[in-house]
Amino acid sequence: MRRALTLLACVLTVAARAEEFSFDASEFEKKPFEFGGYLEFKSERAQLNRDSSLYKLNGLDLDTLDRNTATLKFNAKYTQGITSLNLRASTEVRHDNLVTERTNRFDEAYVSLKPDPGVTVDIGKQALKWGKGYAWNPVGFVERMKDPNDVELAREGYTMVAADFIRNFDGDLKTVAFTPVLLPVSDQTNHDFGKPDHLNAAAKLYLLWHDTDIDFTWLGSGSRTPRFGFDFSRNLTSALEIHGEWARMRDVEMRSIDAAGKVTTRTSDATSHLIGLRYLTESDTTWIAEYYRNGTGYTESQLTDFHYLVDSGNPALFAKAKQIGPLYSRPNVGERYLYLRASQKEPFDIVYFTPSVTLIANLDDKSYSLTPELLYTGITNLDLRLRASWLHGSEYSEFGEKQNERKLELLARFYF
Amino acid sequence: MKKLTALLLFLLAFPALSAGAIDGAQILQKVDRNLEPESYEMMRKLINVEPDGKKKEFVLYSVKKGRDKIVALFLAPQSDKGRATLRLGDNMWLYIPEVGKPMRITSLQSVTGGVFNNADILRIDYTEEYAVESAEEEKDQYLLKLKAKTNEVAYDKLKMWVDKKALLPVTIECYAASGMLIKTLRFKDIKDFGGGIKRPATLETDSPLYKDYKSVMLYAQIKKRDFPDEVFSLNNLSRVEDLRK
């Protein structure tokens, strides 16, 4: 009887163990058509700053703004031989105290041809992402601007023809990849890229040289003024990475308004650059720090002049400020910024739990936004994120004059 | 008599030879090749087990070429599907489809959470990263003490116990430069994968830094296969899926 019980216990243990760690790889056979995506619900409450310029420009009469957003993102890929069709679409419904809006769009829809492992040609709408910066990418010449408050947010692409020619070598120079791009702009196609009726040429040359990623980027004259730049990224140790970007833009037109309401347009070359690092401490805290010099940004006194006009109480000056307002209400409109993010992996032995805090500061007027965040990914195919934001700054400073003063946001994302 | 004295002096001066010296470097080379062929593809399931028994699973398709080129594509769960990681020597990158471009990662970070870090998931040949400091013979195992060749390697030192007959690792202890034990890797369940590949199908790990947690890697469909060098480049990270047959 004792033997039988021992034998039964052994059998049960082996069975439990086998069940615990089984792997049937045939469940993951490749299929010609694959799809996936996620459904996301986001609920936000923003405490508005009634004294701020942007609040006044937007003509609001609210203390708080509650917004609920439902987003469906859908990805699909169909592969046949050397050809694949790639789709990335989204539909979003946003409801707040003021309005209900619906947006449907294809972020990407392109055909990819791969005749050789070292050659790819992509035709259609696609989102190219150039640069090594985490929060900003001054060398991203053919993409929509990144939101430093949500760097992983999917961005809409442009319609273009792009190719990749890749060669690998032994030695100090390990990889060379060349990416030429043709991007047409007309009233119907890529109309928000720049001036219409141009076929814009751009290119990126990538090198992996002495264990350092180096990119040279270029955009020719056309819908935008010509520009060129480079970036780099390198691991210095098993826990430290450094990166940087530098971009030179020719003949950039900058419009500004002075304290008397006079609008001036100045054309000159502009240089932007960024230097940053990512460091993992022994206690699993990841630090990301970036310094960004925005060559097309407004100086502290230019920003002060604009906010002063909005605050002046003079209807004529307010109207002038409102007219030029969109230029001043862009994200990161100043000249010098610091981005600092600290995230702690799985504190208190809670796996898949990542608290973090992000600081974005305008170094000229000393205003800043501070964003603590709690992220939990412990439930398969579900991400839960709680995020708060505080914006702080003196009168007429960038973050002190934003519409929001504080914000609380809860996000749930289900993957399928 | 003179000849005998000379021989005795020689043996005293080189005791290792007299004891039948163990060539640790050669053993390590054999361990590398017995674990995997130089160029191959394989499927892996990675399971993170929490103290209460709760599990999170990832499935990866990986291809490797030469001693230091490896790329891995996440096939599951859906939240991670399409993510790809590339390693070329000491360089590592992660590609997230939503972000749309590769970013450099370091060997001590973990793309999956849990006890395995990037160096474990994108492991290249041990001989590429470590030099053998000493080799000892135990009852039915060899004990190799390994030292990292550069400071970019995840673990500064390894103690590797190798099965004498199979020349496959049994247990590996991983240490930081401070001497602290970071984790222990245990290789189990030797299986014949065909094509002359016979190796452990299970790798378990635990760490004093993650008390009561463990992570497990299960191997399947390991096959010899050659790939062009261009597969192992940043520009191809969004297209790793195309390699699957």
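Buried residues account for 30% of the 416 residues in chain A. Bear in mind as you look around that this is a predicted model. In chain B, the buried share is 42% of 245 residues. Here is how the two chains look side by side.

| Chain | Residues | Buried | Helices and strands | Extent of the C-alpha atoms along the principal axes |
|---|---|---|---|---|
| A | 416 residues | 30% | four helices, 18 strands | about 100 × 50 × 45 Å |
| B | 245 residues | 42% | five helices, 13 strands | roughly 80 × 45 × 35 Å |

How much of the contact map joins parts that sit far apart in sequence? In chain A, take the contacts with a separation of 6 or more: 52% of them are between residues 24 or more positions apart. In chain B, for contacts between residues at least 6 apart in sequence, the share joining residues at least 24 apart is 45%.

**Strands in chain A**

A good place to start in chain A is a run of three strands. Strand β3(A), residues 83-96, pairs with strand β4(A), residues 100-116, in the antiparallel sense, and 13 bridges hold the pairing. The link from β3(A) to β4(A) is a hairpin of three residues. If you want a spot to zoom in on, R88(A) stands opposite E108(A) of β4(A).

From there the chain turns again. Another hairpin, through two residues, joins β4(A) to β5(A). Strand β5(A) covers residues 119-126 and runs antiparallel to β4(A), with six bridges between them. Here L113(A) stands opposite V121(A) in β5(A).

**A helix with a kink**

Further along chain A is helix α4(A), made of residues 315-328. How far apart should its ends be? With 14 residues at 1.5 Å a residue, the expected span is 20 Å, and the end C-alpha atoms are 18 Å apart, so the two figures agree. The helix does have a kink, though: about 40° at K322(A), shortly before the proline P326(A).

**Loops worth a look**

Two residues of chain A have a positive phi without being glycine. One is K366(A), with phi near 65°, in the loop between β15 (353-362) and β16 (367-379) of chain A. Why does K366(A) count as partly exposed? Because 15 other C-beta atoms lie within 10 Å of K366(A), while being buried takes 20 or more and being exposed takes 12 or fewer.

N381(A) also has a positive phi, of about 65°. You'll find N381(A) in the loop between β16 and β17 (382-392) of chain A. N381(A) is partly exposed too, because it has 16 other C-beta atoms within 10 Å.

Then there is K31(A), in the loop between α1 (2-20) and β1 (33-48) of chain A. Is K31(A) buried or exposed? K31(A) is exposed, because just 11 other C-beta atoms lie within 10 Å. The C-alpha atom of K31(A) is 9.9 Å from that of K77(A), although 46 residues separate the two along the chain.

Chain B has a loop feature of its own. The peptide bond from A76(B) to P77(B) is cis, with omega near 0°. P77(B) sits in the loop between β3 and β4 (84-88) of chain B.

**The nonpolar cores**

In soluble globular proteins, nonpolar side chains tend to be buried together. The largest nonpolar core here has 67 residues, and those touching the most other members are L60(B), V71(B), A72(B), L73(B), A84(B), L86(B) and L144(B). Take A72(B) as an example: leaving aside residues up to four places away in sequence, A72(B) touches L60(B), S62(B), A84(B), T85(B), I121(B) and L122(B). Another core lies apart from that one, with 16 residues, including V142(A), V185(A), L219(A) and A247(A).

**Where the chains touch**

Finally, which parts meet? The contact takes 41 residues from chain A and 52 residues from chain B. On chain B's side, the elements giving two or more residues are β1 (40-49), β2 (55-65), β3 (69-76) and β13 (210-224). Of these, β13(B) gives the most, with six residues. By class, the side of chain B that touches chain A has 19 nonpolar, 17 polar and 16 charged residues.

Technical notes
Residues are numbered from 1 along each chain as its sequence is written. Chains are lettered from A and ligands numbered from 1 in the order in which they are written. This is a predicted model: local features need pLDDT of at least 70, side-chain atom pairs count only at pLDDT 80 or more; totals for chains, interfaces and linings use all residues. A nonpolar core is a set of buried Ala, Val, Leu, Ile, Met, Phe, Trp, Tyr and Cys residues joined through C-beta atoms within 7 Å. Two residues are in contact if their C-beta atoms, placed from the backbone, lie within 7 Å. Ala, Val, Leu, Ile, Met, Phe, Trp, Tyr, Cys and Pro count as nonpolar, Asp, Glu, Lys and Arg as charged, and the others, Gly among them, as polar. Two strands pair if DSSP finds at least two bridges between them. The expected span of a helix is 1.5 Å times one less than its number of residues. The bend at a residue is the angle between axes fitted to the seven residues ending there and the seven starting there.
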